[in-house]
Amino acid sequence: MPDRTAPLPRDAGSRPRILVADDQADVLEALRILLKGEGLEVVTASSPSESLSAVEQGDFDVALIDLNYARDTTSGHEGLDLLTTLRELDATLPVVVMTAWGSVEGAVEAMRRGARDYVEKPWDNERLLATVRTQAELGRALRRSQLLEGENLRLKGGDVPELIAESEAMRPVLEVIERIGPSDANVLIVGEHGTGKEIVARWLHAVSERAPHALVAVNAGGFSEGVFESEMFGHVKGAFTDAKTDRVGCFELADGGTLFLDEIANVPLQQQAKLLRVLETREIQRVGSAKIHRVDVRVISATNANVGELVAAGDFREDLLYRLNTVEIRLPPLRDRLEDIPVLAAHFLGQQAARYRREMEGFAPGAMEALLSHSWPGNVRELRHSVERSVLMARGRRIEAPDLGLKRRDDGSALIEELTLEEAERLMIEKALDRHQGNVSRAAEALGLSRSALYRRLQRRDSE
Ligand SMILES: Nc1ncnc2c1ncn2[C@@H]1O[C@H](COP(=O)(O)OP(=O)(O)OP(=O)(O)O)[C@@H](O)[C@H]1O
Ligand SMILES: [Mg+2]
């Protein structure tokens with residue numbers, strides 16, 4: 001027999017909250033005393049509508065609901081309707097129904113409609129408590145596993161990579177990270193491709209009080225119209241044809257932590273409006289659900305586009321920009337911070353040498369000269385790739401200039417016939433993105449690609 005006094009397993013010390021719905025005041029009172037005596041938090045409702053508003057306002061671990069209400073005391077329709085609506089609002093909320101003694105049909109119908117269990121009235125205290133306890137535990141486990149599933153999909157490793165910044169040009173960046181990193185201010189990070197926007201976002205999160213919570217990184221500009229809302233805000237099972245299960249959105253995943261909205265300038269106007277509303281109210285609704293969740297999220301966003309120009313052209317909402325850029329960090333291109341090149345190069349050399357198990361001593365003078373005179377259109381990412389290549393190409397322990405594979409250019413641009421197919425593709429894509437101020441839809445159109453095909457190529461470029 002279960003130990004009645006054993007406390008329920010709890011998440012972060014919170015007491016399980018139980019919603020009890022019945023239209024008989026004495027039943028509510030008796031259940032309240034019983035459950036409270038077990039250390040549970042109890043909210044009572046005397047009608048279906050009261051129950052719904054309670055669930056819309058807060059999260060519960062279990063709903064214990066009667067099937068029969070005053071309007072129609074015996075058929076159980078009101079209770080069954082309440083059950084259905086509760087399931088629609090939050091499919092992870094375990095519902096236990098109370099049925100009249102001997103009315104097995106009602107219980108069966110309730111289970112068919114998604115009730116997790118039932119208790120018969122008059123109830124047996126011990127059995128009722130055991131049922132509620134089990135359902136609270138299962139419900140929490142279910143919610144936890146959903147959260148973890150979502151997190152595992154999105155979180156890219158926990159450790160913060162080293163941020164190398166020795167140059168004068170980077171000093172303001174470090175100062176801002178130090179000064180406003182710990183605050184809750186929304187930050188917009190702007191800079192060319194590969195300048196380290198994501199690394200800076202990770203640092204801002206790491207130095208804040210939100211660090212123990214998630215940093216959820218999402219390519220905000222990469223979703224088609226239909227998917228955006230469900231990725232951002234989540235959906236409930238059945239919200240649309242493919243919604244086979246409930247799904248937690250990025251905002252909920254980042255609750256208590258930081259949401260990193262990458263490629264923010266590529267979010268289409270319609271989706272910008274939805275983002276703005278959530279940033280203003282801090283409330284989200286999963287697609288297909290009426291239930292409102294409050295979220296506590298700090299938003300860091302990044303772009304390589306000139307958002308000011310996009311605002312002027314009517315392609316980006318000014319009010320959204322003001323929500324996002326409470327603080328703005330500008331990352332200088334690598335060509336404007338030459339002092340960082342030797343340090344970054346040595347850092348990447350160490351990393352790549354370890355990765356490929358090669359013993360390397362450093363760069364020959366000619367190689368360092370080549371590194372310092374290159375214009376680095378792909379910035380730090382290009383430097384990393386170049387050092388990686390050199391580790392693979394080097395014959396001895398020192399990197400020589402040709403190992404780096406850098407093309408000498410008179411006008412700063414490469415000759416197309418000197419490039420590999422992949423490099424040429426990357427160049428075309430970057431040029432198209434530049435021409436269209438980072439607007440992916442337009443760049444894709446100019447290249448004769450679909451938006452998603454261009455995204456696939458951009459992502460391939462980013463993977464190791
Ligand atoms: N200051 C730095 N110190 C160490 N590594 C860096 C630094 N800046 C960038 N990197 C590395 O360079 C690569 C590109 O950086 P990151 O992904 O942050 O750039 P980004 O600005 O987000 O680029 P994109 O606009 O293409 O998304 C990453 O591997 C990152 O770890
Ligand atoms: Mg990035």
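E263 sits in the loop between strand β8 (258-262) and helix α10 (269-281). Its phi is near 55°, a positive value in a residue other than glycine. Most residues other than glycine have a negative phi. This is a predicted model. The points below cover a second backbone feature, a pair of helices and the surroundings of ligand 1.

**A cis peptide bond**
- The peptide bond from K121 to P122 is cis, and its omega is near -10°.
- Most peptide bonds are trans.
- P122 belongs to the loop between strand β5 (117-121) and helix α5 (125-154).

**Two helices side by side**
- Helix α2 covers residues 48-57, and helix α3 covers residues 77-89.
- They pack at an angle of about 10°, and their axes are 10 Å apart.
- Angles under 35 degrees count as roughly parallel, so α2 is roughly parallel to α3.
- On the α2 side, the contact is made by P48, S51, L52, V55 and E56.
- On the α3 side, E78, L82, T85, L86 and L89 meet them.
- Sorted by class, this contact has six nonpolar, two polar and two charged residues.

**Around ligand 1**
- How many residues surround ligand 1, and which come nearest? There are 17 residues around the ligand, and I164, G194, K197, R381 and R384 come nearest.
- By class, the shell holds six nonpolar, four polar and seven charged residues.

**Polar contacts with ligand 1**
- H193 uses its side chain: a polar atom there lies 2.9 Å from an oxygen atom of ligand 1.
- T195 uses its backbone: an N or O atom there lies 3.3 Å from an oxygen atom of the ligand.
- E198 also has a polar backbone atom in play, 3.1 Å from an oxygen atom of ligand 1.

**Cover over ligand 1**
- Taken alone, ligand 1 exposes 630 Å².
- The protein buries 91% of that area.
- Which elements give two or more residues to the shell around ligand 1? They are the helices α7 (197-206), α13 (340-355) and α15 (379-393).

Conventions. Residues numbered from 1 in each chain as written. Chains lettered and ligands numbered in written order. Predicted model: local features only at pLDDT ≥ 70, side-chain atom pairs only at ≥ 80, totals over all residues. Heavy atoms only, no water. Axes fitted to C-alpha atoms, helices over the stretch in contact; angles between N-to-C directions. Helix = DSSP H or I, 4+ residues; strand = E, 2+ residues; numbered from the N terminus. Parallel < 35°, antiparallel > 145°, perpendicular 65-115°, else oblique. Contact = heavy atoms within 4.5 Å. Nonpolar A, V, L, I, M, F, W, Y, C, P; charged D, E, K, R; others polar. Near = heavy atom within 4 Å. Polar contact = N/O pair within 3.5 Å; in protein donor to acceptor, adjacent residues only side chain to side chain. Areas by Shrake-Rupley, 256 points an atom, 1.4 Å probe, with all protein chains shown as cover.
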